[in-house]
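Colleague: Walk me through this one, please. I want each label set against its criterion.

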Protein chains: 2
Amino acid sequence: MPLPGQLNPSPRVLMGPGPSDVHPRVLTAMATPLVGHLDPEFLVIMNETQEMLRDVFQTKNQLTFPVSGTGSAGMETCVVNLIERDDKMIVCVNGVFGQRMADVAQRAGADVTTIEKPWGQVFDLDSIRDALKKTKPKVLGIVHAETSTGARQPMEELGKLCHEFDTLLLVDAVTSLGGIPVEVDRWEIDAVYSGTQKCLSCPPGLAPVSFSPRAMEAINRRKTKVQSWYLDMTMVQRYWGDERFYHHTAPITMIYALREALRLVLEEGLQARFQRHERNHSALKAGLQALGIEYAAEEGYQLPQLNAVKIPGGVDDASVRKRLLAEFGIEIGGGLGDFKGKAWRIGLMGYSSRANNVLLFLSALEQCLLSAGLKISAGAAVAAANEVYSKN
Amino acid sequence: MPLPGQLNPSPRVLMGPGPSDVHPRVLTAMATPLVGHLDPEFLVIMNETQEMLRDVFQTKNQLTFPVSGTGSAGMETCVVNLIERDDKMIVCVNGVFGQRMADVAQRAGADVTTIEKPWGQVFDLDSIRDALKKTKPKVLGIVHAETSTGARQPMEELGKLCHEFDTLLLVDAVTSLGGIPVEVDRWEIDAVYSGTQKCLSCPPGLAPVSFSPRAMEAINRRKTKVQSWYLDMTMVQRYWGDERFYHHTAPITMIYALREALRLVLEEGLQARFQRHERNHSALKAGLQALGIEYAAEEGYQLPQLNAVKIPGGVDDASVRKRLLAEFGIEIGGGLGDFKGKAWRIGLMGYSSRANNVLLFLSALEQCLLSAGLKISAGAAVAAANEVYSKN
């Protein structure tokens, strides 16, 4: 076999459920030559990255750092450190990532109870209170931004409620961090994980996590070793903590990238960033509605960064997505699980959340839908989006 | 807190136990804008990467791909997929990474027997045969290139021996792949893992693995789920196999990097690459011997890519390493475990294995040792190295 040629992928506009487009400054940072993972200069880089991560998570938690794996490794890290065999855990399931958390917890030996809501809906405090009362679990796990449905779980009162029952609150913030508020301390979250390739607009490969002092106490009280050596916080914290004790070789370049991505987040400012995500979402939503397209998630609980919408009747899922990619370089996501073939997932995450992308996407989608024979009013989508932009 | 400034690490010559210096072409590849992890173009990139990995592993194994984590995640992947609770496993321990494998296996619920050799020595076939006879384990794990001691384990007959006892052979090739031969098929290895940051000269963050058909059968016969969701081969193979079924988001940029690193390996050719590692090792060794420095690993079993040597009497470990780093930008490794404070580990891996580095390092070390008051013959180290270079 002749060797493959030079790497030469086509330019893309990444508007799917992640990865999002990576900011040019982050790409440039990744071309930086390496220092060693125990180099004094790298230890400073680690500190800076942790400090910035704490700001973005809005926490003072000491143990806040990026796990050396993608978002799912972050999920597994939180679960396997908090859970010992036969510990009780409640997992709230209203989409693919809740299902995944239940699977991960079962593999960790947890005695898992799931509570469920239809896809696209969110959990209310009363149903969670009932489940806590009945089960009194060690851990309750819930997804803040369900990437499979575009639903946004209200989080404000949840930590307090869990702590009434001496339960640890574990939160999936993979798609929320950097796009909508994730207030770890104020919401009394005990363990949280995210991913770099969503609203942080860094390539996939790291999973930022944070553990509260309450979670750390639970981990330090364990009677058995964490089942994963690679993800064992009792050891990893010695590398990311003051000791700098070698555990595994940190993915240096990915940490260069995350550091630059976090600098971009904090230069913009969290509030400004959240407003930008909200504004572009409103414009996209107005445009989609002008095309007669409906959201999959409940009104009032829709994520600005992940717009899951119902595919209009008579329109072929795959051929529209294929055309968007081939003709415009635009990637959007198809449906997962229950929503396979029924939903599109349009991401406006991080650097991808820009008016340019909203206007381009609506124009391109209009072209695809007109070709598919849909009766829509030409130009209406862009007009509706521009009306939103002109107002705020 | 003011935001940290632009990323600006000092230039380094990475001659420790890894990471090694990354080739400029690999760094450039990492600045490439992303395509999605399910993009048809990315699926081609995945295929190309797998094909090249098979060539480098010298295998036809279908399930050959990079795990989304560092080398230790590769170790855990091999162990947790092959082992079910209470399965018997023998781990050969003659350094830190054998110890780690035993720890990982215990956490996976294996009934672990260790056999040991003093650090710096390797295992002979007879002692392994005795252990296999006695235990008849499902899996035997051994380290090919022990990064903590610089010892090179002979591998040629080991697979055959294991298969006489119906035992699967699991091999740690983290520091060997791309630097010395790793002949997965000819040596009848059933599961093997490596890391990208050693002789492949790619940043840390991926763990290439390969599983033989015999290993895949064992995995498919499992009665229980793999304890790690993230590392479960029965699911991951559906993404890296023909189905391309979404499992977790692949670390796209790291795969860009690995693809370019593998192109560099195969452009050079495996034999030429192994000879280059051997040649630079011989020159370094001659130079070190001229300074009166001895190797930690047994003669005849020394890794060319990782030169673990005894720190000369009267020389302070930390101050020499600190000076090498501060004055020359050269990183070498200190000792781990039993060798802490007693050994230096000098890597000549991948792109770092160059005559330039050998000559520079010997010159700089000579300066440090003279300053420390050691009675050595000035110029002798470089002269000895150059004599080796002039001969081959």
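The questions below deal with a strand, its sheet, a core and the two chains.

Modeller: First, the ground rules: this is a predicted model, local features need pLDDT of at least 70, side-chain atom pairs count only at pLDDT 80 or more, and totals for chains, interfaces and linings use all residues. Residues are numbered from 1 along each chain as its sequence is written, while chains are lettered from A and ligands numbered from 1 in the order in which they are written.

Colleague: Why is strand β5 of chain B called largely enclosed by the rest of the structure?

Modeller: A residue is buried with 20 or more other C-beta atoms within 10 Å of its own, exposed with 12 or fewer, and partly exposed in between; C-beta atoms are placed from the backbone. In β5(B), residues 139-143, 5 of the 5 residues are buried, so the strand is largely enclosed. Strands themselves are DSSP runs (E, at least two residues), and helices are runs of H or I with at least four; both are numbered from the N terminus.

Colleague: How do you know that both faces of β5(B) are covered?

Modeller: In a regular strand, side chains alternate between the two sheet faces. B:Val139, B:Gly141 and B:Val143 lie on one side, B:Leu140 and B:Ile142 on the other, and all are buried.

Colleague: What makes β5(B) and β8(B) a pair?

Modeller: Pairing takes at least two DSSP bridges between two strands. β5(B) and β8(B), residues 168-172, have 5 bridges, in the parallel sense. One joins B:Leu140 to B:Leu169. β3(B), residues 88-93, also pairs with β5(B) in the parallel sense, over 3 bridges. There, B:Ile90 partners B:Leu140, and B:Met89 partners B:Val139.

Colleague: Which strands are called edge strands of the sheet in chain B, and why?

Modeller: The open sheet has 7 strands, ordered β2-β10-β9-β8-β5-β3-β4 in chain B, with mixed pairing. β2 (64-67) and β4 (111-116) of chain B each pair on one side only, and are the edge strands.

Colleague: What does B:Ala105 touch?

Modeller: Contact means C-beta atoms, placed from the backbone, within 7 Å. B:Ala105 touches B:Val79, B:Ile83, B:Met89, B:Val91, B:Ala110, B:Val112 and B:Gly141, leaving aside residues up to four places away in sequence.

Colleague: How do you know that the chains are related by a two-fold axis?

Modeller: Copies are superposed by least squares on C-alpha atoms of residues with pLDDT of at least 70 in both. Chain B can be laid on chain A by a turn of 180° and a shift of 0.0 Å along the axis, with an RMSD of 0.0 Å. That is the two-fold relation. 100% of chain B's interface residues are also interface residues in chain A, so the copies meet through the same surface.

Notes: Two residues are in contact if their C-beta atoms, placed from the backbone, lie within 7 Å.
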